[in-house]
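Open the structure in your viewer and keep the sequence panel visible. The tour goes from one selection to the next and says what is there.

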Amino acid sequence: MTIAPLDSVSHADVRLKAARGAQSGDPLGQIGVYAEEFVLVQREYPILFTRDEDDLLQPIAILGLTAQENLFASDRGWQARYIPALVRRGPLMIGRARSEDPAVHIDMAHARIAADGQDGYPLFLEHGGQAPALVDAVDALQLIHRGEGIRAAMSEIFQRHELVKPLPISINIDDTTTIQFENFSAILPETLADLSAEALGELNSAGLLVPAVMAAHSLGNINALADRRQGRPL
């Protein structure tokens with residue numbers, strides 16, 4: 001069993017790889033994000049929507065122009081001002097301890113775990129206490145927990161006000177290459193502009209007006225992905 005409760009004795013020497021990318025367990029193409037982090041996500045990534053197996057809206061950050069691409073992760077690390085929570089958590093997750101209380105667990109088979117002798121970021125300080133890498137991962141786990149708690153309510157209110165609409169996207173990489181994004185939806189600025197005062201008030205009361213605005217604003221990052229792919233200044 002590679003998943004176990006995290007503790008400072010058994011996992012005192014565990015380190016997380018500094019290099020990023022698929023070889024370090026980082027996602028390709030897209031990653032789920034949560035309303036609470038939209039303000040930070042929209043600085044770097046387009047926020048689009050799909051649906052999960054329960055037909056709930058699932059916000060996602062687009063990481064690349066194909067399903068097998070991550071334009072932000074490399075051997076130099078993650079090249080962005082913000083890393084989504086589902087990435088930051090790395091090999092950590094919330095599980096049930098023997099007491100049945102929620103506890104942080106670690107998957108020792110996760111690709112982000114550094115091999116013996118390999119450089120990386122420690123989870124624990126030399127003389128005890130959480131190292132910055134663990135503090136960041138635990139913060140991400142808490143955000144994920146809060147985000148999952150409100151996702152059904154977010155989905156319901158966004159759908160009731162018809163905020164999320166299908167959005168076919170064509171991105172011209174160069175004179176001969178165009179990439180099509182299909183089966184995604186988005187919150188468009190004009191959709192927000194057409195909302196009634198009552199609808200805006202309901203969104204605001206639910207704490208979802210700012211996330212909705214941020215999702216709409218994030219669409220400007222779509223062209224930035226093409227620039228990143230081509231190595232053009234961002």
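Select Arg81, which is exposed, with a relative accessible area of 60%; exposed means over 50%, buried under 20%, and partly exposed in between, using a 1.4 Å probe and protein chains only. This is a predicted model, in which local features need pLDDT of at least 70 and side-chain atom pairs count only at pLDDT 80 or more, while totals for chains, interfaces and linings use all residues. Residues are numbered from 1 along each chain as its sequence is written, and side-chain values use heavy atoms, with hydrogens and water left out.

Now add Glu44. Arg81 forms a salt bridge with Glu44, and the closest N and O atoms are 2.7 Å apart; a salt bridge is a side-chain nitrogen of Lys or Arg within 4 Å of a carboxyl oxygen of Asp or Glu. Arg81 lies in the loop between strand E7 (77-78) and helix H2 (85-88), and Glu44 in the loop between H1 and E4, so the pair ties together parts that are 37 residues apart in sequence. Helices (H or I, at least four residues) and strands (E, at least two) are DSSP runs, numbered from the N terminus. Glu44 is buried, at a relative accessible area of 10%. Add Arg228 as well: Glu44, Arg81 and Arg228 are linked in a network of salt bridges.

How many salt bridges does a search of the whole structure find? The search finds twelve. For another of them, select Glu36 and Arg146, whose closest N and O atoms are 2.6 Å apart. This pair links distant parts of the chain, with Glu36 in the loop between strand E3 (30-32) and H1, and Arg146 in helix H3, 110 residues apart. Glu36 is partly exposed at 42%, and Arg146 is partly exposed at 39%. Then select Asp55 and Arg51, which meet in a salt bridge at 3.8 Å, N to O.

Next come the aromatic rings. The whole structure holds three aromatic pairs; rings of Phe, Tyr and Trp (its six-membered ring) pair if their centres lie within 6.5 Å, and planes under 30 degrees apart count as stacked, over 60 as edge-to-face and the rest as tilted. Select Tyr45 and Phe72: their ring centres are 4.6 Å apart and their planes are at 55°, so the pair is tilted. Are these two residues buried or exposed? Tyr45 is buried at 0% relative accessibility, and Phe72 is buried at 1%. Add Trp78 to see a cluster in which ring pairs link Tyr45, Phe72 and Trp78.

Move to Phe49 and Phe158. Their ring centres are 6.3 Å apart and their planes are at 80°, so this pair is edge-to-face. Phe49 is in strand E4 and Phe158 in helix H3 (residues 132-160), 109 residues apart.

Select His105 in strand E9 (residues 102-107). His105 counts as buried, at 7% relative accessibility. The side chain of His105 reaches the backbone oxygen of Ala103 at 3.0 Å.

Last, colour the model by pLDDT, the predictor's confidence in each residue, from 0 to 100. The chain averages 91, and 97% of the residues score at least 70. Among the elements, strand E12 (residues 169-172) has the lowest mean pLDDT, 78, and helix H1 (residues 38-41) the highest, 98.

Methods:
Polar contact = N/O pair within 3.5 Å; in protein donor to acceptor, adjacent residues only side chain to side chain.
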